[in-house]
Amino acid sequence: MRNEIRWFLALAAVVPFQACGEGSGGTTGPPPPSVVTSVVIDPLAGPLTSLGEFVTLTATVRDQNGAEVSNAAVTWTSLDPAVVSVSATGRVVAEANGQTEVIAQVSGLADTIAIAVAQEVAQIQITPAQPVLELPGDTLTVTGQPVDARGNVVAGLPTITWTGSGVVTVSATGLVEAIGFGGGTVTANSGSATTTVTVQVIGNRFFLSQGTALRYDLDLPSGTGPFPAIVWVHGSGQLDRNSQRGATDPLVPEGLAVLRYDKRGVGESGGVYSNVGPSNSVGVLGLLADDAAAAVRFLSRLSQIDPTRIGIMGNSQAGWIVPQAVHKSGGLASYIMLWSGPTISVGLEIFFSDLTADPARSLDEAYALLPNFNGIEGYDALADVSALTIPGLWQFGEMDRSIPMRLDVQRLTDLQNQGKPFEMVLWPFGDHALRDIRVNQFYDVWSEYLRFLRVHGIL
């Protein structure tokens with residue numbers, strides 16, 4: 001028993017006795033609070049090279065023990081927001097070329113990073129983007145605009161060099177010249193950026209009207225020329241260059257060249273086809289007149305054609321188109337020939353054709369109802385016809401149930417009495433196509449056209 005007591009006392013001398021409650025001197029307190037001691041902005045790879053380009057900066061924050069503080073609240077500031085802006089989350093956006101600094105601040109500590117914006121040319125925007133020329137020798141000027149990767153114009157007007165290939169050449173200033181028919185390319189270089197566009201020289205199959213390519217065929221008489229010529233203008237409907245050849249084929253063997261084309265938006269022609277009504281007639285017919293005038297100008301440039309003997313011929317709807325085209329051709333059209341071509345308004349013509357759609361209604365009854373028209377007039381050809389100073393021949397069928405030809409005849413008679421060089425031929429039993437309704441055969445309208453051409457020195 002005594003030996004056991006000695007052992008206990010000896011053990012007590014080595015291991016201090018602890019009570020179950022808290023001791024006053026043997027406890028460990030909480031770790032000291034984290035104190036931010038450094039803020040370092042992660043470096044960028046290089047400058048921002050396009051306006052609008054962005055990058056999100058990251059700041060590494062560490063405490064007194066070197067541990068990263070992941071939830072530190074960083075305040076971001078751009079010293080020049082006109083060069084780069086910066087959001088509360090560190091998203092930096094390039095605003096303009098230049099250099100500035102962005103600051104990251106945490107608990108009174110800060111780091112600064114230099115950021116440069118230096119646009120680089122990513123591509124050259126070439127205008128026009130799809131250059132088109134008609135004939136060898138034609139020229140146009142292309143321009144180039146260097147832009148960065150986000151399509152912003154690169155400041156400082158970087159130098160552009162031009163090269164051409166195929167059927168075109170191009171000068172140092174961007175002047176493109178056609179040297180043949182077909183396709184070629186124009187290439188712009190600026191720094192490391194290269195952009196190439198295709199150029200088409202189309203005049204062996206197409207001519208241009210208001211930038212739209214219209215497909216044509218040219219029928220030439222035998223011989224070497226230069227020949228007198230006409231442009232054939234369509235009637236209403238989606239008509240291509242072959243739709244009404246019956247009206248022009250008889251003229252070619254007599255020595256007249258004929259240009260036929262697919263109506264805008266039809267066949268191989270570009271553009272959009274539109275029906276003509278009173279509400280849109282001024283715009284649509286004006287555009288179709290632009291097309292006919294462009295055909296006249298194109299013809300006048302061909303070596304096979306005598307530019308002093310070019311006329312415009314057409315049927316039906318062409319009565320509204322041809323007079324306008326004469327004025328738009330710049331004095332190149334020297335005569336016109338119309339086949340059932342109206343001179344009255346679009347609205348009145350449609351009203352008349354609606355009246356005569358009832359086969360039981362006679363022409364006299366339809367004419368008697370014309371004063372009841374109170375709709376939209378739309379385009380009226382009177383002003384353009386009255387302004388003509390060149391010879392014109394109109395042929396009408398007196399049984400026409402499509403146009404009120406009696407009104408057209410009256411208008412043209414009034415203009416004849418004013419000294420206009422106009423002629424009319426009236427076929428007593430002719431319909432809108434100038435067929436004799438008694439036997440369903442065409443009248444010999446071509447003899448009248450040829451007579452007119454010879455009288456005026458065209459043939």
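Which ring does the charged end of R91 sit over? The ring belongs to F54, and the charged end of R91 lies 3.9 Å from its centre. Keep in mind as you look around that this is a predicted model. A similar arrangement turns up at R215, whose charged end sits over the ring of F206, 6.0 Å from the centre.

F206 is a handy place to pick up the sheet, since strand β18 covers residues 206-209. Eight strands make up this open sheet, and if you walk across it you meet them in the order β18-β19-β21-β20-β22-β23-β24-β25, with mixed pairing. The two edge positions go to β18 and β25, and each has a single partner strand, so one side of each is left without a neighbour in the sheet. Neighbouring strands are turned against each other by 25 degrees on average, ignoring direction. For a look at one pairing, take β19 (residues 212-219) and β21 (residues 257-261): they run antiparallel and are joined by four bridges. On β21, L259 is the bridge partner of L218.

Now for the helices that lie across the sheet. Helix α7 (residues 405-417) crosses β24 and β25, running at about 150 degrees to β25. Helix α8 (residues 445-455) lies across β22, β23, β24 and β25, and its direction is about 165 degrees from that of β23.

What about the inside? In soluble globular proteins, nonpolar side chains tend to be buried together. Here, the largest nonpolar core has 58 residues, and F207, V233 and Y261 are the ones that touch the most other members. Helix α2 (residues 281-300) supplies the largest share of this core, with eleven residues. There is also a second, separate core of 23 residues, including V252, L393, V425 and Y443.

F207 is worth a second stop. With 0% relative accessibility, F207 counts as buried. F207 also forms a tilted aromatic pair with Y216, with 6.3 Å between the centres and 50 degrees between the planes. Y216 is buried too, at a relative accessible area of 8%. These two belong to one aromatic cluster together with Y261 and F298.

Another tilted pair brings F351 and F373 together, 5.4 Å centre to centre with 45 degrees between the planes. This pair links distant parts of the chain: F351 is in helix α4, while F373 is in the loop between α5 and α6, 22 residues apart. F373 is buried at 16% relative accessible area, whereas F351, at 23%, is partly exposed because buried means under 20%.

Stay in helix α4 a moment and you'll find L355, which is buried at 10% relative accessibility. Leaving aside residues up to four places away in sequence, L355 touches R361, A366, L369 and L370. D380 is another story: 25 residues along the chain from L355, with 20 Å between the two C-alpha atoms.

Last stop, helix α3 (residues 318-328). Why is α3 described as largely enclosed by the rest of the structure? Because nine of its eleven residues are buried. Among those buried residues are W320, I321 and V322, along with Q324. The cover over the buried part of α3 includes strands β20, β22 and β23 as well as helices α2, α4 and α6. Just after α3, G330 takes a positive phi of about 75 degrees.

How values were computed
Residues numbered from 1 in each chain as written. Predicted model: local features only at pLDDT ≥ 70, side-chain atom pairs only at ≥ 80, totals over all residues. Heavy atoms only, no water. Core = buried A, V, L, I, M, F, W, Y, C linked by side-chain atoms within 4.5 Å. Buried < 20%, exposed > 50% of the residue type's maximum accessible area, 1.4 Å probe, protein only. Contact = heavy atoms within 4.5 Å. Phe/Tyr/Trp six-rings, centres within 6.5 Å; stacked < 30°, edge-to-face > 60°. Lys NZ or Arg CZ within 6 Å of the ring centre and 35° of its normal. Pairing = 2+ DSSP bridges. Axes fitted to C-alpha atoms, helices over the stretch in contact; angles between N-to-C directions.
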